[in-house]
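Work through the exercises below with the sequence and the model at hand. Each task is followed by a solution in steps.

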Amino acid sequence: MEGKVFGLNDVVEMKKQHPCGTNAWKIIRMGADIRIKCEGCGHSVMIPRNEFTKKMKKVIVKAES
Ligand SMILES: [Zn+2]
């Protein structure tokens, strides 16, 4: 449960994949809400940070810092 470190431009895997069949989302905005964009179809969603933390599985690609 701990150790969920994520940052802007990281690509993450969610517990539930997008209906388009892709399960890779890029974090495009960080704040009280997190905006993520599906790497498959480009669809983006905004979700509250605490919800995002619960639904996210892991970071697949760590962005360069
Ligand atoms: Zn998609």
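## Exercise 1: Strand pairing

Task: State how many bridges join S2 to S3, and in which direction the two strands run.

Solution. The model is a predicted one. Step 1: strand S2 covers residues 25–29 and strand S3 covers residues 33–38. Step 2: the two are joined by 4 bridges and run antiparallel. Step 3: one facing pair is arginine 29 with arginine 35 in S3. Step 4: the connection from S2 to S3 is a hairpin through 3 residues.

Task: Find how many bridges join S1 to S2, and how many join S1 to S5.

Solution. Step 1: S1 and S2 run antiparallel and are joined by 2 bridges. Valine 11 faces lysine 26 in S2, and valine 12 faces tryptophan 25 in S2. Step 2: S1 and S5 are likewise antiparallel, with 4 bridges between them. Valine 12 has valine 59 as its bridge partner in S5. Step 3: put the two sides of valine 12 together: tryptophan 25 stands opposite in S2, and valine 59 is the partner in S5.

## Exercise 2: The whole sheet

Task: Write down the strand order of the open sheet and name its edge strands.

Solution. Step 1: the 5 strands of the open sheet are arranged as S4-S3-S2-S1-S5, and the pairing is antiparallel. Step 2: the edges are strand S4 (44–48) and strand S5 (56–61), each of which pairs on one side only. Step 3: neighbouring strands in this sheet are turned against each other by 40° on average, direction ignored.

## Exercise 3: The chain as a whole

Task: Give the order of elements from the N terminus and decide how the chain compares with the globule rule.

Solution. Step 1: the protein chain has 1 helix and 5 strands. Step 2: from the N terminus on, these elements run β-β-β-β-α-β. Step 3: the radius of gyration is 11 Å, close to the 11 Å given by the globule rule for 65 residues, so the protein chain is as compact as a globular protein of that length. Step 4: the C-alpha trace spans about 30 × 25 × 20 Å along its principal axes. Step 5: of the contacts with a separation of 6 or more, 35% are between residues 24 or more positions apart.

## Exercise 4: The nonpolar core

Task: List the residues of the largest nonpolar core and say which element gives the largest share.

Solution. Step 1: buried residues make up 12% of the 65 residues in the protein chain. Step 2: the largest nonpolar core holds 8 residues: Val12, Trp25, Ile27, Ile34, Ile36, Cys38, Phe52 and Met56. Step 3: S2 and S3 are the elements that give two or more residues to this core. Step 4: S3 supplies the largest share, 3 residues. Step 5: as background, nonpolar side chains in soluble globular proteins tend to be buried together. Step 6: for one core member, cysteine 38, the contacts are His18, Cys20, Thr22, Trp25 and His43, leaving out residues up to four places away in sequence.

## Exercise 5: Residues outside the strands

Task: Decide whether leucine 8 is buried or exposed, and list what leucine 8 touches.

Solution. Step 1: leucine 8 is placed in the segment before strand S1 (11–14). Step 2: leucine 8 has 12 C-beta neighbours inside 10 Å, and because a residue with 12 or fewer is exposed, leucine 8 counts as exposed. Step 3: leaving out residues up to four places away in sequence, leucine 8 touches Ile27, Met30 and Ala63. Step 4: isoleucine 34 is 26 residues from leucine 8 in sequence, and their C-alpha atoms are 9.4 Å apart.

Task: Say where asparagine 9 and glycine 31 lie, and classify their exposure.

Solution. Step 1: asparagine 9 belongs to the segment before S1. Its phi is positive, about 75°, although asparagine 9 is not a glycine. Step 2: asparagine 9 has 14 C-beta neighbours inside 10 Å and so counts as partly exposed. Step 3: glycine 31 lies in the loop between S2 and S3. With 9 other C-beta atoms within 10 Å, glycine 31 is exposed. Step 4: glycine 31 and leucine 8 are 23 residues apart along the chain, and 9.9 Å separates their C-alpha atoms.

Technical notes. Residues numbered from 1 in each chain as written. Predicted model: local features only at pLDDT ≥ 70, side-chain atom pairs only at ≥ 80, totals over all residues. Pairing = 2+ DSSP bridges. Axes fitted to C-alpha atoms, helices over the stretch in contact; angles between N-to-C directions. Buried ≥ 20, exposed ≤ 12 C-beta atoms within 10 Å, placed from the backbone. Contact = placed C-beta atoms within 7 Å. Rg over C-alpha atoms; globule rule 2.2 N^0.38 Å. Core = buried A, V, L, I, M, F, W, Y, C linked by C-beta atoms within 7 Å.
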